[in-house]
Amino acid sequence: MDSEPLTATKKLKDDGISKMNSKLRPILAKELTQLPLLEKSFIGVLKNKRNISKAITCLVKCLPCPQFLKRCADMKLYIAPIHSMDGSVENLKKLLVEKNFDLSWLEDEFEIVEIPCEVPRTKDQMIYAQKFWPVNFHPDLNLEAIISGSIFDEVQQESLEMCMKSLIQAAELSAVGTTECNGSALIIDPDQGSILSIAASSIDQHPMWHASMLAVDLVARLQGGGAWQLFKDDVSQIPSNGTMKRKCPGVTPLRYPEILHKLRLPETGSLHPMNKNSKKSDKKLKQSEDKSGPYLCTNYWAVLLQEPCPLCAMALLHSRVSRIFYGTSNPRTGILGSKAVLHSVPGLNHRYQVWSSLLEEECAQILQKCRVVDT
């Protein structure tokens, strides 16, 4: 039976797992992590400062400038990418004359300069782009908080670490997986800070019983559903109207396999990070409390020992978890950072946010001890 639950504000007892100050690493789309591409462009040099306004007005009509670029930098004007003129200065001058641009405003020679050709989405990208040409930039405060790590305070991060320590213990107790997917997983309601389900891989019993698949199925069981009969004398009934309120009756968390009842699981306060748009966030949270429908994990978070394989990642996507935290990477089949970044793929009807490296070293060590079977 469970002892008195741990809380994030209580001092952790020495449980044989070193407490480390892990730095959560966000897993972002490539367009947010790569430096903006550059392209060679024609730059005109003005002779007289008084002609800046007239020159810009004329250029707007004949050669529009990308909105993220500033047209003018000191006495220099962005004209056009050289590929748009087939690399020919003569073609450029001919077009300008045809559009009634007064070439006498400019020095005879055009400069060819590398200019950013992609919109900077982050401050780091903006700083890089500014080295080449002035840009217009409006930071996404939430994105910048994710990148800097300030989105989570110390108490929230400690709570996540406590959840991961429970997963490390669960994996040590019972995880049986393959070289492609192994470990343990839990689903948590961040509003209440309560763990709803926790599971360890049990692939020796069923080829689809990966930890994340089991954790999601246990949440379904809390809501009256569930695909698998995991417990003796287990009866799950879906309401006749086919819909379920987003409430979790009964005793939580559900655990599989049952040996996980040995674990002493933590309880935390609300895990929701402070948001610059707090009023909008509060409104969304109130809406989520009344939500009915087929999505099992809307606004819930998943914590995983290992980066999920495609099967687990898609299960978490279809169940609509909002955030995923994992410990160690999965170089064989992981698709949330290793082999791919699933949540950045165009066309998806849901996108979760992902962080890695939560107690990464401890997770990697315990994963090596987990039982592996051939499939």
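The lining of the largest cavity has seven nonpolar, six polar and one charged residues by class. This comes from a predicted model. Two topics follow: that cavity, and a pair of helices, α7 and α9, whose axes come within 8 Å.

**The cavity**

- The count comes to one cavity of 30 Å³ or more.
- The largest cavity holds about 70 Å³ of space.
- Its lining is made up of 14 residues. The closest to the centre are Cys181, Asn182, Ala211, Ser212 and Gln306.
- Three elements, β8 (184-189), α7 and β12 (301-306), each supply at least two residues of this lining.
- β12 gives the most, with three residues.
- Rolling a probe the size of a water molecule over the atoms shows where empty space is left.

**The helix pair**

- Helix α7 spans residues 211-222, and helix α9 spans residues 310-318.
- Their axes cross at roughly 25 degrees. Angles under 35 degrees count as roughly parallel, so α7 and α9 are roughly parallel to each other.
- The crossing of α7 past α9 is left-handed.

**Where the helices touch**

- On the α7 side, the contact residues are Ser212, Met213 and Val216.
- On the α9 side, they are Leu311, Cys312, Ala315 and Leu316.
- By class, this contact has six nonpolar residues, one polar residue and no charged residues.

**A shared residue**

- Ser212 appears in both topics. It is among the residues closest to the centre of the largest cavity, and Ser212 in α7 also takes part in the contact with α9.

Terms used:
Residues numbered from 1 in each chain as written. Predicted model: local features only at pLDDT ≥ 70, side-chain atom pairs only at ≥ 80, totals over all residues. Heavy atoms only, no water. Axes fitted to C-alpha atoms, helices over the stretch in contact; angles between N-to-C directions. Helix = DSSP H or I, 4+ residues; strand = E, 2+ residues; numbered from the N terminus. Parallel < 35°, antiparallel > 145°, perpendicular 65-115°, else oblique. Left-handed = near helix turned anticlockwise from the far one by under 90°. Contact = heavy atoms within 4.5 Å. Nonpolar A, V, L, I, M, F, W, Y, C, P; charged D, E, K, R; others polar. 1 Å grid on protein atoms, 1.4 Å probe; cavity = no way out; pocket = protein on both sides within 12 Å on 5 of 7 lines; lining within 4 Å. Points joined across faces, edges and corners; volume = space filled by probe spheres on them.
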